[in-house]
Amino acid sequence: ALFKFTLQEIEDVDLFIESDPAGAVLYLDGVKFGETPVSDFYPAGKCEVRLEKERYVPLRDTLVIGPQATR
C-alpha cells in the first residue's frame, strides 16, 4: 500500500497589536509574546489573546488572524 499526503503550508501574517495603555504583556495561545505595542509575524488562523498589566483588569479574547483583519 502506498499513501501520499500533501501538507498545506501555514501562511504567516504581519501582526500588529497595541493596547491602551501601552506596556501590557501580550500572550498568544498562552505563550508570552512581548509588551504592547507588538509588531511581528504570526501564523494565520484563530488564536487566544490575553493582555495583562498591573492594576488593570486582564483582557481575554479570541482573534482570527488573517490578511486585512482588524479589531
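Okay, one definition to start: a salt bridge is a side-chain nitrogen of Lys or Arg within 4 Å of a carboxyl oxygen of Asp or Glu. Keep that in mind, and also keep in mind that what you see above is a predicted model.

So, how many salt bridges do we get by this rule? The count comes to 1. The partners are Glu-52 and Arg-50, and their closest N and O atoms sit 2.8 Å apart. That fits within the 4 Å cut-off, so the pair counts. The general idea is that side chains of opposite charge can pair when their charged atoms come close. As for Glu-52, its relative accessible area is 27%, so we call this residue partly exposed.

Let's stay around there and look at strand 5, which covers residues 45-52, and strand 6, which covers 59-65. Strand 5 and strand 6 run antiparallel to each other, paired over 7 bridges. If you want one bridge to find on the screen, take Gly-45, whose partner in strand 6 is Ile-65. Together strand 5 and strand 6 make a hairpin, with 6 residues between them.

In that turn, please click on Arg-55. Its phi is near 75°, which is a positive value in a residue other than glycine. Is Arg-55 buried or exposed? With a relative accessible area of 81%, Arg-55 is exposed.

Now for another hairpin. Strand 2, residues 25-28, pairs with strand 3 in the antiparallel sense, over 4 bridges. The hairpin formed by strand 2 and strand 3 has 2 residues between the strands. Asp-29 is in the turn, and here too phi is positive, at about 50°. Asp-29 has a relative accessibility of 43%, so it counts as partly exposed.

Which way do the side chains of strand 2 go? Val-25 and Tyr-27 point one way, Leu-26 and Leu-28 point the other way, and all of them are buried. Strand 3, residues 31-35, is another story. Of its 5 residues, the number buried is 0, so strand 3 lies largely in the open.

Strand 2 also pairs with strand 5, again in the antiparallel sense and over 4 bridges. Leu-26 is a handy residue for following this. In strand 3 its bridge partner is Gly-34, and in strand 5 Leu-26 stands opposite Leu-51.

Next, a couple of peptide bonds to look at. Where do we find cis ones? One joins Asp-20 and Pro-21, with omega at about 5°. Pro-21 sits in the loop between strand 1 and strand 2. Another cis peptide bond runs from Thr-36 to Pro-37, and there omega is near 0°. You'll find Pro-37 in the loop between strand 3 and strand 4, the strand made of residues 38-43.

Back to charges for a moment. Which residues form a negative surface patch? They are Glu-9, Glu-11, Asp-12, Asp-14 and Asp-40. Take Glu-11 as an example from that group: it belongs to the segment before strand 1, which spans residues 12-17. Glu-11 has 46% relative accessibility, so it counts as partly exposed.

Last stop: Leu-2, which is also in the segment before strand 1. Its relative accessible area is 81%, so Leu-2 is exposed. Now try drawing a line from Leu-2 to Glu-35. These two residues are 33 apart along the chain, and their C-alpha atoms are separated by 49 Å.

If you want to go over this again on your own, I'd begin with Leu-26, with its partner Gly-34 in strand 3 and Leu-51 opposite in strand 5. Then go to the two turns: Asp-29 between strand 2 and strand 3, and Arg-55 between strand 5 and strand 6. And finish at the salt bridge between Glu-52 and Arg-50. That's it from me, thanks!

Conventions
Residues numbered from 1 in each chain as written. Predicted model: local features only at pLDDT ≥ 70, side-chain atom pairs only at ≥ 80, totals over all residues. Heavy atoms only, no water. Patch = residues over 30% accessible without salt bridge, like charges linked within 9 Å, V, L, I, M, F, W, Y side chains within 5 Å. Areas by Shrake-Rupley, 256 points an atom, 1.4 Å probe, with all protein chains shown as cover. Lys, Arg positive; Asp, Glu negative; His and termini not counted. Charge placed at Lys NZ, Arg CZ, Asp CG, Glu CD. Buried < 20%, exposed > 50% of the residue type's maximum accessible area, 1.4 Å probe, protein only. Pairing = 2+ DSSP bridges.
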